[in-house]
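Subject: Structure handover

Hi,

Here is the structure for you to look over. Please open it alongside these notes.

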Amino acid sequence: TGQADTALALGKIEGLVPSHSSKQTESAVRTGNGHIIEVVVSRSFSLLGKTLKEGGFRARYGAVVLAVHRHGENINTRLGQIILRPGDTLLLLADEDFSKKWIRSREFYMLSVVSEIAPTMGRNKKMLALGGLAGMVLLNTFGVFDLLTSATLAATFLLATKTVTPIEARRSLEINVLVVIACALGISTALSKTGVADIIAVGLVEIGRELGPRGVLLAVYIATSVLTETVTNNAAAALAFPIAMSAAAAAGIDPKPLAITVAVAASASFATPIGYQTNLMVYGPGGYRFSDYLKIGIPLNLIFMALTTLLVPFIWPL
């Protein structure tokens, strides 16, 4: 409780040191190079399920946890014994190297640094970045290259012009999400080849039979919506797509409207904090509870479902 930046001033009082300190952070306080940093723990945080002491937080990140905020709860456990969860907000004392090393990390969502951080990208680099983006879009739009080749050329251009460094490029890769998507694609292929997708699709067709093709579309939307609230939207789309295609074949309807429905349903993730990373980012700092997402998210999901089942058949006839 209190103002975060005053923690630095307290540390400069003779005889006072952080209760969980290290030589690195004590030096940062003494020299005035210390930063008070507020971060949110992400789902990719490597110490989930471990206490701060078990995971060696100080040694790994070079920072001291001063306080933990968990959506409005007062945590009375000793700091070293706290088991961190996604969405927890941490108040850290660290030196200037912490921001340089972890500000683009997928371990944390950086909220605020009570001091100056690295300067923003210069005008020339901004123009190069925009040029790379525009080139990628144009090359793909006019059919010169496919999207993968266009994106690879754009990334190579940004690296060659030093608009981004190799380290920044590597840190921007969401490895955990890529693994989840890859696994989901493998599972979706298995669903198709083993016939499980056909079995689920027949069930969806049976459920929506009385409402006709629009009922099938509604059933596909609901199935995808349930998936996207528990896994990433990309994984939900990968899993639901083969089911939608099988449902279209079983019902004898055009598969395109069902594919569009899967894309919309997978992106409309509002009912849980774990459905999408922006939901999780505001979970702890906003003091929200899981039930708050259900209260607001379910009505939003229903609105999206109603609009999708109403408009998709008009734009892409079944």
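Below is what turned up, topic by topic. One caution at the start: this is a predicted model.

**Salt bridges**

How many salt bridges does a search of the whole structure find? There are 2.

One pairs the side chains of Glu107 and Arg60, at 3.5 Å from N to O. This pair ties together distant parts of the chain, 47 residues apart. Glu107 sits in the loop between helix 5 (96–102) and strand 4 (108–113). Arg60 belongs to helix 4 (residues 57–61). The two partners differ in cover. Glu107 has a relative accessible area of 11%, so it counts as buried. Arg60 reaches 38%, so it is partly exposed.

The other joins Arg70 and Asp88, with 2.7 Å from N to O. Again the pair links distant parts of the chain, here 18 residues apart. Both Arg70 and Asp88 lie in the loop between strand 2 (63–69) and strand 3 (89–94). Arg70 is buried because its relative accessibility is 6%, under the 20% cut-off. Asp88 is buried as well, at 2%.

As background, side chains of opposite charge can pair when their charged atoms come close.

**Strand 1**

Strand 1 covers residues 35–41. It is mostly covered, with 6 of its 7 residues buried. Strand 1 and strand 3 run antiparallel, and 6 bridges join them. For a reference point in that pairing, take Val40, which stands opposite Thr89 in strand 3.

**Helix 10**

Helix 10 runs over residues 196–208, 13 residues in total. From first C-alpha to last, helix 10 reaches 19 Å. That is close to the 18 Å expected at 1.5 Å a residue.

Which residues of helix 10 are buried? They are Ala197, Ala201, Leu204, Val205 and Gly208. These residues lie on the same side of helix 10 because they cover an arc of only 100° around the axis. The face turned away from that buried side carries the exposed residues Ile199 and Ile207.

**Surface patch**

A nonpolar patch lies on the surface. Its members are Ile296, Leu300, Ile303, Phe304, Leu307, Leu310, Leu311, Phe314 and Ile315. Together they offer about 880 Å² of accessible area.

Leu310, one of the members, is found in helix 15 (residues 290–315). Is Leu310 buried or partly exposed? Its relative accessible area is 44%, so Leu310 is partly exposed. That value also clears the cut-off of over 30% used for patch residues.

**Two single residues**

Val137 is placed in helix 6 (residues 123–141). At 41% relative accessibility, Val137 is partly exposed. Its C-alpha is separated by 9.5 Å from that of Ala154. Along the chain, Val137 and Ala154 are 17 residues apart.

Lys162 is worth a look for its backbone. What is the phi of Lys162? It is positive, about 60°, although Lys162 is not a glycine. Lys162 lies in the loop between helix 7 (147–160) and helix 8 (166–171). With a relative accessible area of 63%, over the 50% cut-off, Lys162 is therefore exposed.

Best wishes

Key
Residues are numbered from 1 along each chain as its sequence is written. This is a predicted model: local features need pLDDT of at least 70, side-chain atom pairs count only at pLDDT 80 or more; totals for chains, interfaces and linings use all residues. Side-chain values use heavy atoms; hydrogens and water are left out. A salt bridge is a side-chain nitrogen of Lys or Arg within 4 Å of a carboxyl oxygen of Asp or Glu. Helices (H or I, at least four residues) and strands (E, at least two) are DSSP runs, numbered from the N terminus. Buried means under 20% relative accessible area, exposed over 50%, partly exposed in between (1.4 Å probe, protein chains only). The expected span of a helix is 1.5 Å times one less than its number of residues. The arc is that of the directions from the helix axis to the C-beta atoms. Patches are made of residues with over 30% relative accessible area and no salt bridge: like charges are joined within 9 Å, nonpolar side chains (Val, Leu, Ile, Met, Phe, Trp, Tyr) within 5 Å. Accessible areas come from the Shrake-Rupley method with a 1.4 Å probe; for residues, only the protein chains shown count as cover. Two strands pair if DSSP finds at least two bridges between them.
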